[in-house]
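Work through these exercises with the structure open beside you. Try each task before you read its solution.

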Amino acid sequence: MNITQEISQEAMNSKMSSLALETDAMGSEIYLALGLSELSKGIPEAPRVLSLLSLLLERYVQKNEKLMETTKKRGTITIFHGLRAPTLSIRQYIERIFKYSSCSPSCFVVAHIYLDRYLQKGDVYLTSFNVHRLLITSVMIAAKFVDDAFFNNAYYAKVGGVSTAEMNSLEVDFLFSLDFRLHVTVDAFKRNCVQLEKEASNAYPIERPIQVCGLKEGWQSKGEAEDGAKFRRFSCGAV
């Protein structure tokens with residue numbers, strides 16, 4: 001049994017009742033627009049929430065990296081930092097996770113909330129060097145907490161391009177950074193959905209696609225390097 005599954009049964013029952021979207025809410029315009037509604041099931045295209053989330057993450061990463069270039073800021077590194085950012089775009093990475101994990105689209109909204117909590121709690125800065133590991137970890141944890149059925153850490157490690165041992169370490173670090181605060185209220189979920197839609201309507205063109213880690217075993221963590229860069233945070237604003 002892994003660390004997320006050791007959450008008390010009482011907490012699990014509580015989250016299932018609070019995160020369950022009411023029947024009337026599921027038919028609402030915002031959920032339908034994001035591909036979260038029951039009415040969206042059976043549609044072959046990837047749910048719109050994936051493209052909106054990737055757009056936001058690319059925007060925040062690009063802002064931080066521009067700041068680094070102009071201010072030459074340097075700072076601490078985390079377990080989520082990689083040494084390089086190769087060829088796969090954030091959108092491709094998110095769509096890969098969705099395709100192979102078979103998790104519900106709502107998991108990406110919850111993962112977005114978790115990611116922002118991590119950035120706020122841990123004083124971490126979203127960059128192209130850590131966004132990939134943060135994504136696979138937050139989505140995996142969200143799937144375990146939201147969905148009735150989910151894959152184990154070894155499977156998510158293969159999807160995300162890291163080793164099982166590293167996936168386990170990322171999960172533990174993420175959970176402790178959040179103080180195991182995984183509960184998401186229905187109101188918080190709705191607010192995040194509205195924010196995603198609003199941010200998309202105010203989106204500006206991304207000057208260049210943000211690259212993510214290569215999907216191969218042994219992808220080296222930047223924590224193994226002697227130094228790294230730290231940026232001013234542009235968080236997701238999820239909570």
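The exercises below go from the whole chain to single residues, and the model is predicted.

**Exercise 1. The overall fold**

Task: State how many helices and strands the protein chain has, and in what order they run.

Solution:
- Step 1. Count the elements. The protein chain has 10 helices and 2 strands.
- Step 2. Read from the N terminus. The order is α-α-α-α-β-α-α-α-α-α-α-β.
- Step 3. Look at burial. Of the 239 residues, 51% are buried.
- Step 4. Look at contacts between residues at least 6 apart in sequence. Of these, 88% join residues at least 24 apart.
- Step 5. Turn to the surface. The accessible surface is about 11100 Å², and carbon and sulfur atoms account for 53% of it.

**Exercise 2. A helix and its length**

Task: Compare the span of α4 with the span expected at 1.5 Å a residue.

Solution:
- Step 1. Count residues. Helix α4 has 24.
- Step 2. Get the expected span. One less than the number of residues, times 1.5 Å, is the rule. For α4 this gives 34 Å.
- Step 3. Compare. From first C-alpha to last, α4 reaches 35 Å, close to the expected value.
- Step 4. Look just past the end of α4. There K72 takes a positive phi of about 60°.

**Exercise 3. The nonpolar core**

Task: Find which residues have the most contacts inside the largest nonpolar core, and which helix supplies its largest share.

Solution:
- Step 1. Size the core. It has 54 residues.
- Step 2. Find the residues with the most contacts inside it. They are L57 and Y114.
- Step 3. List the helices that each supply at least two residues. They are α4, α5, α6, α7, α8, α9 and α10.
- Step 4. Pick the largest share. Helix α7 gives 11 residues.
- Step 5. Follow Y114 outward, leaving aside neighbours within four places in sequence. Its contacts include I141, F145, F174 and L182.

**Exercise 4. One residue of α7**

Task: Decide whether L134 is buried or exposed, and name the residues it touches.

Solution:
- Step 1. Place the residue. L134 is found in helix α7.
- Step 2. Apply the cut-off. Buried means under 20% relative accessible area. L134 has 0% relative accessibility, so it counts as buried.
- Step 3. List its contacts, not counting residues up to four places away. L134 touches F80, L115, Y118, L126 and F174.
- Step 4. Take one pair. L134 and F80 are 54 residues apart along the chain, yet their C-alpha atoms are separated by 6.5 Å.

**Exercise 5. Salt bridges between helices**

Task: The structure holds 4 salt bridges. For three of them, say which helices are joined.

Solution:
- Step 1. Take E197 and R48. Their closest N and O atoms are 2.6 Å apart. E197 lies in α10 and R48 in α4, so the pair ties together parts 149 residues apart in sequence.
- Step 2. Check their exposure. E197 is partly exposed at 25% relative accessibility. R48 is partly exposed too, at 33%.
- Step 3. Take R133 and E166. Here the closest N and O atoms are 2.6 Å apart. R133 lies in α7 and E166 in α9, so this pair ties together parts 33 residues apart.
- Step 4. Check exposure again. R133 is buried at 0% relative accessibility. E166 is buried at 15%.
- Step 5. Take K144 and E171. The N to O distance is 2.8 Å. K144 is in α7 and E171 in α9, 27 residues apart. Both K144 and E171 are buried.

**Exercise 6. A surface patch and two loops**

Task: Name the residues that make the nonpolar surface patch of about 250 Å², and place V172 and F180.

Solution:
- Step 1. Name the members. They are V172, F176 and F180.
- Step 2. Place V172. It lies in helix α9, residues 164–177. Its relative accessibility is 34%, so it counts as partly exposed.
- Step 3. Place F180. It lies in the loop between α9 and α10. At 31% relative accessibility, F180 counts as partly exposed.
- Step 4. Check the backbone of F180. Its phi is positive, about 60°, although F180 is not a glycine.
- Step 5. Turn to S102, in the loop between α5 and α6. Its phi is positive as well, near 60°. S102 is exposed, with a relative accessible area of 57%.

Key:
Residues numbered from 1 in each chain as written. Predicted model: local features only at pLDDT ≥ 70, side-chain atom pairs only at ≥ 80, totals over all residues. Heavy atoms only, no water. Patch = residues over 30% accessible without salt bridge, like charges linked within 9 Å, V, L, I, M, F, W, Y side chains within 5 Å. Areas by Shrake-Rupley, 256 points an atom, 1.4 Å probe, with all protein chains shown as cover. Salt bridge = Lys/Arg side-chain N within 4 Å of Asp/Glu carboxyl O. Helix = DSSP H or I, 4+ residues; strand = E, 2+ residues; numbered from the N terminus. Buried < 20%, exposed > 50% of the residue type's maximum accessible area, 1.4 Å probe, protein only. Core = buried A, V, L, I, M, F, W, Y, C linked by side-chain atoms within 4.5 Å. Contact = heavy atoms within 4.5 Å.
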